[in-house]
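User: I am new to this structure and would like a close look at one part of it. Please take the open sheet, then the pieces around it.

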Amino acid sequence: MPASAPCYATSPPLGPGEWLARPLSLPRPYRINASLWAYAGTSITGKTPQHYGRCDDVSDARPLYEWAPRSCALARFNADEACTLLRGKALLFVGDSTVAQLFLSFVLLLHGRLGLNNKRASVLSDISASACADAVRLNFVRSDLLLWTHAQQDFQGARGCDGYTTLQPFATRAARDADVLILGVGHHFSSSLERVAGKYEAASASEKKEEAAAKAGGKHGRKAAASGGRMSFGANELARQAFFSFNLNHTLSSALTARRRWGHASAASVFLVGISTPIPGCRAYDEPISLSRAVLSTSAHPRGLLNRAWKEYASVNEQANWLAEALGVTFIDVALPSAMRPDGAMARFWPPSSYKSACNEHGNCALKDDCVHYCLPGPVDAWSTMIYNKLRALSDTPLAKRQTASDGGHQRGAPRACARGRVFVWRRVVVGVRARVGGVSALEPFMTRGIAYTLHSCTPYDYR
């Protein structure tokens with residue numbers, strides 16, 4: 001049975017636990033209908049993989065489970081209390097599609113509403129939401145590699161290594177606007193670096209052929225001599241392995257420094273969500289499994305054996321945990337509980353005939369069974385519950401008060417004690433800006449992605 005001490009009061013919910021069936025007497029926390037996606041300005045439909053409500057479409061009576069760690073008591077998510085804790089605050093979620101799921105979970109557990117995605121597409125890339133009678137605002141920005149930069153060439157360089165990554169800028173909003181910043185490690189670090197490794201291996205094989213040709217003489221010999229300055233595969237592999245830790249350390253350190261300049265003094269207001277543990281062959285499971293079965297299932301499956309990214313999940317999670325601890329950032333460890341929930345993955349709710357399996361020579365298995373993304377509602381709600389429990393533990397800390405310039409914050413950092421009124425007004429433009437603020441004249445309306453904001457004189461910058 002779970003311990004009586006509240007989670008995060010003294011320690012985070014580490015170590016083993018169990019998934020307990022959610023009492024049938026409780027209503028289901030929310031339901032995602034296919035119509036939600038059109039309302040949010042996306043091209044997602046009930047027939048696309050990003051419709052995370054499909055699980056309920058297929059089986060509306062499927063059981064739900066709640067994570068119960070053995071080391072502490074994890075309080076069930078309470079929307080009213082969460083609204084009280086977060087009233088007047090802004091939350092920013094940054095990461096890949098798994099973090100987008102966390103954003104959706106948190107918004108819907110708060111009984112919130114989505115704004116418009118920044119473009120009509122099948123992925124959420126930059127989208128706002130409102131909750132708690134418009135007193136709490138939330139935003140998700142898609143950044144698969146969590147690149148903290150203001151330089152466009154940095155994004156272009158990363159896309160040159162892996163064209164599959166989505167990299168939206170987020171640094172300004174993370175430093176200035178977000179009272180609570182949630183960064184997610186996600187799954188693209190491992191997969192992107194795997195693709196880079198494949199390119200390095202191919203380049204290394206080509207170099208070996210050129211060296212052999214150089215020894216034998218001929219036109220290829222001159223080409224090999226001219227390319228003698230290229231980095232070796234071994235050096236490239238070291239750089240590949242080092243990228244994750246150096247990049248994440250840079251992002252976390254830069255975020256904390258920049259946020260202090262804007263008055264967000266507490267490092268505890270920054271959350272780092274670790275990588276989840278997908279179980280290959282997840283389609284075969286219809287209930288939570290034990291950790292031992294999770295280990296054996298991964299070890300015996302071709303994707304677990306051959307896929308480089310799969311092998312690096314544990315290492316990536318451990319490095320993220322250490323960096324978070326070193327910098328005072330709150331780490332949300334989801335590796336263990338996610339490993340026990342292959343039944344909650346999307347794969348088994350799609351027809352098996354639509355999936356194929358193939359592996360290339362680099363061990364990159366293109367298994368289209370989606371064992372990475374989860375049904376909503378589902379396991380991801382437990383990650384939201386962990387964040388909620390940490391916010392409860394922080395309710396009497398400096399997180400509840402933003403530093404002013406006199407307290408040591410940046411001179412542009414406005415005190416959050418001022419009356420902010422309604423943050424969001426949906427689907428219409430409002431007037432009522434009471435002072436010239438950030439270049440917006442009095443009574444001048446403006447619209448941002450379908451959501452109109454009313455600025456107040458106590459806030460010396462706009463939210464665009």
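Analyst: Here is a walk through the sheet, the helix that packs on it, and some residues in the loops.

This is a predicted model. First, the setting. The chain has 464 residues, and 54% of them count as buried. Its secondary structure comes to 14 helices and twelve strands. Contacts often reach across the sequence: of those between residues at least 6 apart, 75% join residues at least 24 apart. The chain exposes about 20,500 Å². Carbon and sulfur atoms supply 56% of that area.

Now the sheet. It is open and has seven strands. Read across, the order is β4-β5-β6-β3-β7-β8-β9. The pairing is mixed. Which strands form the edges? They are β4, residues 113–114, and β9, residues 330–332. Each of these pairs on one side only.

Look next at β3 and β7, neighbours in that order. Strand β3 covers residues 90–95, and β7 covers residues 180–184. The two run parallel, joined by four bridges. One pair of bridge partners is V94 and L183, the latter in β7.

A helix packs on this sheet: α4, residues 97–109. Helix α4 touches β3, β4, β5, β6, β7 and β8. Of these, β5 spans 126–131, β6 spans 136–142 and β8 spans 270–273. The direction of α4 makes about 165° with that of β6.

Now the loops beside these strands. Between α4 and β4 lies H111. Its phi is near 60°, a positive value in a residue other than glycine. Most residues other than glycine have a negative phi. Is H111 buried or exposed? H111 is exposed, with a relative accessible area of 58%.

A second positive phi belongs to C132, in the loop between β5 and β6. The value is about 60°, and C132 is not a glycine either. Here the setting is buried: C132 has a relative accessible area of 8%. The cut-off for buried is under 20%, so C132 qualifies.

One more loop residue makes contacts in this region. A40 sits between α1, residues 35–39, and α2, residues 54–58. At 0% relative accessibility, A40 counts as buried. What does A40 touch, leaving aside residues up to four places away in sequence? The list is L114, G115, L116, N117 and I127. L114 falls within β4, the edge strand at 113–114, and I127 falls within β5, at 126–131. A40 can also be set against L124, 84 residues away along the chain. Their C-alpha atoms are separated by 9.3 Å.

Last, a pair of helices. Two packed helices are described by the angle between their axes and the distance between the axes. Helix α3, residues 79–86, packs with helix α14, residues 380–393. The angle is about 50°, and the axes are 10 Å apart. The two helices are therefore oblique to each other. Their crossing is left-handed. On the α3 side, E81, A82, L85 and L86 take part. They meet Y388, L391 and R392 in α14.

The loop between α13, residues 335–339, and α14 holds P377. A cis peptide bond joins L376 and P377, with omega about 0°. Most peptide bonds are trans.

Terms used
Residues numbered from 1 in each chain as written. Predicted model: local features only at pLDDT ≥ 70, side-chain atom pairs only at ≥ 80, totals over all residues. Heavy atoms only, no water. Buried < 20%, exposed > 50% of the residue type's maximum accessible area, 1.4 Å probe, protein only. Contact = heavy atoms within 4.5 Å. Areas by Shrake-Rupley, 256 points an atom, 1.4 Å probe, with all protein chains shown as cover. Pairing = 2+ DSSP bridges. Axes fitted to C-alpha atoms, helices over the stretch in contact; angles between N-to-C directions. Parallel < 35°, antiparallel > 145°, perpendicular 65-115°, else oblique. Left-handed = near helix turned anticlockwise from the far one by under 90°.
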